[in-house]
Amino acid sequence: MNAPQASAPGLKASLADRIALSGVEGRRLHDVRETVPLAAALSETRLGGAREALAGRNVLVRTKGQLAAALLLIELDGVARRLVIAPPDLDPAHLPAVTLDAEIDVVVGDDADCDLSLSAPRPHGRSDLPPHSTEWVMFTSGTTGRPKMVAHTLDGLTGAIKPSKDDALPVWGTFYDIRRYGGLQMLLRALVGGGSMILSSAEEGVGAFLARLGALGVTHLSGTPSHWRKALMSPALHAISPRYVRLSGEIADQAVLDALAAAFPGVPVGHAYASTEAGVGFEVDDGLEGFPAAYLDRAGEVRMKVEDGTLRIRSNRAASGYVGSAETLHDADGFIDTGDLVERRGDRFYFMGRRSGVINVGGLKISPEEVEAVINRHPAVRMSLVKGRRNPITGAIVVADVVAEPSDEALRDELLALCRAALPPFKAPTSIRFVEALAVTPGGKLERRLA
Amino acid sequence: MSIKTTIAAEMRRVAGEQNKTLAPIADDLVLLDCGLDSLCFAILVARLEDALGFDPFSTEEDVYFPTTFGEFVAFYERAAG
């Protein structure tokens, strides 16, 4: 085995060391095509002879599939200076800016335009390389424009992970993509917490994924409320019998929590609050939506407060800051404004959506301004306000209030067609209401109230 | 129009708008296999709320997620009382 890097001054144990420490016997990473034993993930390189050349470098991990990304993260944490994890939908047009902002030396992946392509696995000598405290950089799930990157450490990313209380090895599965914060949490839980991991695949339908999860004996399964609603509608749901069900990434409403409790009697159903910037904030295990107001008074490594209606979090699991931007993440007291509106009713807080008006349709974020710009292109339109309408299937759908002259059915159809032609389906309004006027704030901006 | 007819008509309308091919509607049609995606179902449930005046996913005590077209219709019929 390798010399533990934690013994070097100022250095933390690398991900590979932490996996090794929790034992690799019987543990595996699965995707739809391949199964890799964790023992092999620790002892083999997929970088050909180039691994040494990446020591101390800034590396962008840009792969087609999740398994390749997971293996690279295991291989390069503690080796690279900075690991930037490209989400699957990163627009290639943003690559030059990303490369510049994150000072990328090498793009590693399985695409033709990568600097370094992955090759067949072969044994490597891990201990030869000087250890680094690798910075992990993730993209925020932004809506339009240049994506934001935030910096984390492995310690911060794994700060919420408690040792498994199970005797049997957990088999984690997730509907998320591990190249986003929510999915990465689950991967690290499996890797550091002593389990196996089943990864989803973009080309696999929910029924096929559930069948595969069942066949591989998934015990811990996580996804957004929208993922779970889809799973609940699938006849393949009975293929799985998890011991723990987890939701995060969107507002978990009471209906989906109740439906999961009914589908898996006696199984704990928890929902977690986390964001790419603020890290894992808290978990709620009482089966109810929202969170107890008493959480605001809790001591410990995550402190919470509500100011101007939004939830603020101070935590050592939070990102240290943005990469390539002078924008500050923390206020003077070290709190991060999550931008999530909460409202207190009795002894509980409930999530009310995003202050920015950003609409979350099944985990996909939509900036209202982007949709309004399309509607406003029509010469008959004077003003428009795009907002979310609560929906039991995707959390929200996009609707629009429009001030136009003349406002008739023909214009409604024209506007809907215009949006469908210019925008991806989830961004196009599903209905348009004509209104006399729209409220404007004293500052001259459209008043964005919650739908 | 019966609830069943309304639901079938809205499903066809959403499929048309979203350029989806809807499978022939039958009671045992599995919703996830009918050609509509999550967004289509989200739009369908919103349209049905506008047409029928209720959304059983939000109002019913015992929420469950129907698997087939027949169950979906029954869920709405029960909520209509």
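Domain bounds in this tour come from an automatic or database domain assignment. Keep in mind, too, that you are looking at a predicted model.

**Stop 1: the two domains of chain A**

Select residues 5–341 of chain A for domain 1, then residues 359–434 for domain 2. Give each a colour of your choice. The C-alpha centres of domain 1 and domain 2 of chain A are 33 Å apart. Where the two domains meet, domain 1 of chain A and domain 2 of chain A each bring eleven residues to the contact. On the domain 1 side, α8(A) provides the largest share, with three residues. That side of domain 1 of chain A is made up of six polar, three nonpolar and two charged residues.

**Stop 2: the sheet**

Now show the strands of chain A. You can trace an open sheet of eight strands with mixed pairing, in the order β2-β1-β12-β11-β13-β14-β15-β16 (chain A). Which strands sit at the edges? They are β2 (35–37) and β16 (279–284) of chain A, each of which pairs on one side only. Leaving direction aside, neighbouring strands of this sheet are turned by 20° against each other on average.

Zoom in on β1 (residues 28–30) and β12 (residues 196–198) of chain A, which pair in the parallel sense over two bridges. Pick H30(A) and look across to β12(A): the bridge partner there is I198(A).

**Stop 3: an enclosed helix**

Next, select residues 66–76 of chain A, which form helix α3. Is this helix enclosed or open? Eleven of its eleven residues are buried, so α3(A) is largely enclosed by the rest of the structure. "Buried" here means that 20 or more other C-beta atoms lie within 10 Å of a residue's own. Click along the helix and you will pass buried residues including Q66(A), L67(A), L73(A), I74(A) and E75(A). Go on just past the end of α3(A) to find G78(A), which takes a positive phi of about 90°.

**Stop 4: a helix covered by both chains**

Move to helix α9 of chain A, residues 254–263. Its buried residues are A255(A), V256(A), L257(A), A259(A) and L260(A). What covers them? The cover includes α8 (225–232), β14 (244–247) and β15 (269–275) of chain A, along with α3 of chain B.

**Stop 5: where chain B meets chain A**

Following α3(B) leads to the contact between the chains, which takes 23 residues from chain A and 19 residues from chain B. On the chain B side, the elements giving two or more residues are α2 (38–52) and α3 (56–59). Of these, α2(B) supplies the largest share of that side, seven residues. Colour the chain B side by residue type and you will find 14 nonpolar, four polar and one charged.

While you have chain B selected, try colouring by confidence. Its mean pLDDT is 92, and 100% of its residues reach 70 or more. Among the elements of chain B, helix α1 (residues 3–17) has the highest mean pLDDT, 95, and α3(B) the lowest, 85. The model as a whole scores ipTM 0.93 and pTM 0.85.

**Last stop: R390(A)**

Finish at R390(A), which you will find in strand β25 (residues 381–391) of chain A. R390(A) is partly exposed, with 16 other C-beta atoms within 10 Å. For a last exercise with the distance tool, choose R390(A) and L210(A): they are 180 residues apart in sequence and 27 Å apart in space, C-alpha to C-alpha.

Technical notes: Residues are numbered from 1 along each chain as its sequence is written. Chains are lettered from A and ligands numbered from 1 in the order in which they are written. This is a predicted model: local features need pLDDT of at least 70, side-chain atom pairs count only at pLDDT 80 or more; totals for chains, interfaces and linings use all residues. A residue is buried if 20 or more other C-beta atoms lie within 10 Å of its own, exposed if 12 or fewer, and partly exposed in between; C-beta atoms are placed from the backbone. Helices (H or I, at least four residues) and strands (E, at least two) are DSSP runs, numbered from the N terminus. Two residues are in contact if their C-beta atoms, placed from the backbone, lie within 7 Å. Ala, Val, Leu, Ile, Met, Phe, Trp, Tyr, Cys and Pro count as nonpolar, Asp, Glu, Lys and Arg as charged, and the others, Gly among them, as polar. Two strands pair if DSSP finds at least two bridges between them. Axes are lines fitted to C-alpha atoms, for helices over the stretch in contact, and angles run from 0 to 180 degrees between N-to-C directions. pLDDT is the predictor's confidence in each residue, from 0 to 100.
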